[in-house]
Amino acid sequence: MGSLIRFLEDRVEREIEARKSRGVRVVDPRAQTSSSLLMDVPENDSRRGVPPLGLREYWYPLVPDSKVRGKKPLYWNILGDDVVLFRDKKGQVAALSDTCAHRGTSLSEGDCFYEGFVSCPYHGATFAGDGECVAFICEGPDSKMVGNLHMKVYPTKTIRDWVFIWMGDGEPAPIEEDVPPELFEPETQMHASYTYWTTNWLMAIENHSDSHNAFYVHRNSVSQLTSNHAGRDRSPVAPTGRIINNRSIVTVHPGHGYYDVDGKSPYQMYYPGVDGVWPLHTYRKMWIWFFDIFNARKRAGFTGVFKKAPEEWALGHHLPCAVRAGGGSTRWAIPVEPNLSRIVYFYFTRPKTALGRFWDRVMFKFWRFPMAYNFSGQDNTAATPVRFFTPEHFAPTDSQLIMLRKLITDGSRDAVRRRQPHDNGGGNGASAPSDTAPTREPVGSAS
Ligand code: FES
Ligand SMILES: [Fe+2]
């Protein structure tokens with residue numbers, strides 16, 4: 001079923017590939033730097049310090065391992081970098097810059113004629129997974145380019161059939177700091193999926209723990225119509241947040257919602273300024289009542305999974321761009337282009353039996369459309385028209401996104417690296433070739 005609905009991702013990936021850089025370099029002044037994006041906001045606005053193409057000094061989920069196969073290398077784009085993926089001599093996914101170090105053509109349009117190597121389509125420079133040129137076919141076996149031509153290498157690791165990539169210029173941090181702890185717990189079962197939003201990465205995650213829109217934006221989502229209580233209660237009081245290890249902001253919901261005498265949030269409330277109620281109609285309650293009987297997600301164990309996680313990985317935001325949400329999902333908004341994000345979902349469950357594992361897999365297939373396309377697609381629709389370069393007037397419930405921006409601009413590894421005297425900028429521009437030894441060993445077992 002998964003492959004049947006991959007047509008959307010395939011189409012977007014073809015479009016991304018069609019837009020990849022070529023010929024003379026054209027810099028779009030509105031898109032490539034924060035300052036040019038944010039011309040309408042004051043000098044001290046924290047958005048000026050947010051890189052449009054994301055934080056670099058982090059591990060990111062890159063691609064399902066199974067997507068890299070056969071004799072053709074795979075073109076991929078992450079944080080605006082053109083990357084080529086192929087299998088090295090050990091069969092692990094290697095990631096190199098897609099720009100051939102000889103004369104700059106696109107390696108991904110080449111071939112893997114020899115197992116474990118990728119050959120450039122122009123003059124046949126052939127590279128190993130460590131980025132070294134091992135043959136230069138057009139110059140013959142004695143070419144001086146062999147051993148003297150080096151590609152930029154991105155360190156990768158494969159965990160549970162997903163390839164992760166280190167995008168930083170610095171020494172890779174321990175991957176355990178950047179990915180959910182459930183990945184390393186043998187008793188968890190992982191269910192993964194990805195799609196695309198036409199939204200900048202920050203706007204794609206800022207919708208978490210703000211004045212939460214579940215009751216409004218998602219009123220006609222399958223999730224809302226099948227659950228009596230999806231999303232946070234309406235409240236003029238912000239949830240508090242706590243920064244942990246300069247890597248996450250954990251949400252602490254204060255429970256200041258409006259409650260009926262029975263302690264439940266009322267379905268419909270009166271807004272005196274418009275002399276009307278929201279929601280406008282109560283007919284949705286019939287659906288909620290009906291479908292709550294079949295609340296498959298609850299039954300499938302997709303909730304409560306994070307209770308065992310360390311505090312850093314409780315509900316909230318986690319750098320570089322992940323959201324830990326109720327229902328057991330970790331959702332990354334990974335920058336591809338300034339206004340295009342790859343949304344990667346990892347769901348974890350803890351089935352106790354083989355039948356339970358089977359049941360969770362079936363349930364994930366069932367929930368993939370309601371969550372990743374229907375519910376989350378509505379967030380994309382709401383966030384895409386945001387004009388991120390205009391002045392804002394915050395509500396009290398926006399407090400957590402202010403914390404998030406501050407963490408990105410002041411506390412993130414990129415910020416720390418920028419403050420180091422020896423660093424010449426780092427940041428989000430073109431990266432210098434890394435002299436870091438690549439790591440491509442699998443560190444987890446397949447689920
Ligand atoms: S451009 Fe790649 S070998 Fe010449
Ligand atoms: Fe939402």
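## The loop between β9 and β10

R160 lies in the loop between β9 and β10. The model is a predicted one. Although R160 is not a glycine, its phi is positive, at about 50°. R160 has 22 C-beta neighbours inside 10 Å and therefore counts as buried, the threshold being 20 or more.

D161 is found in the loop between β9 and β10 as well. Its phi, near 65°, is also positive in a residue other than glycine. With 15 other C-beta atoms within 10 Å, D161 is partly exposed, since a residue is buried only from 20 such atoms and exposed at 12 or fewer.

## The three-stranded sheet

The strands that this loop connects, β9 and β10, belong to an open sheet of three strands with the order β1-β10-β9. Pairing in the sheet is antiparallel. At the edges stand β1 (59-64) and β9 (156-159); each has a single partner strand, so one side of each is left without a neighbour in the sheet. From one strand to the next, the twist averages 30°.

Five bridges link β1 to strand β10 (residues 162-166), in the antiparallel sense. Within this pairing, V63 has V163 in β10 as its bridge partner.

## The largest nonpolar core

The largest nonpolar core has 83 residues, and those touching the most other members are Y60, I78, L85, F164, I165, A333 and I334. Strand β19 (residues 340-349) makes the greatest contribution to this core, giving seven residues. Because domain 1 (3-166) and domain 2 (180-411) both supply residues, the core lies between them.

Y60 illustrates the packing around one of these residues. Leaving aside residues up to four places away in sequence, Y60 touches I78, F164, I165, M167, P320 and I334.

## Cis peptide bonds

P320, one of the residues that Y60 touches, follows a cis peptide bond: the bond from L319 to P320 has omega near 10°. P320 is located in the loop between β16 (316-318) and β17 (322-325).

A cis peptide bond also joins W278 and P279, with omega at about -5°. P279 has its place in the loop between β15 (276-278) and α5 (284-292).

Technical notes
Residues are numbered from 1 along each chain as its sequence is written. Chains are lettered from A and ligands numbered from 1 in the order in which they are written. This is a predicted model: local features need pLDDT of at least 70, side-chain atom pairs count only at pLDDT 80 or more; totals for chains, interfaces and linings use all residues. A nonpolar core is a set of buried Ala, Val, Leu, Ile, Met, Phe, Trp, Tyr and Cys residues joined through C-beta atoms within 7 Å. Helices (H or I, at least four residues) and strands (E, at least two) are DSSP runs, numbered from the N terminus. Domain bounds come from an automatic or database domain assignment. Two residues are in contact if their C-beta atoms, placed from the backbone, lie within 7 Å. Two strands pair if DSSP finds at least two bridges between them. Axes are lines fitted to C-alpha atoms, for helices over the stretch in contact, and angles run from 0 to 180 degrees between N-to-C directions.
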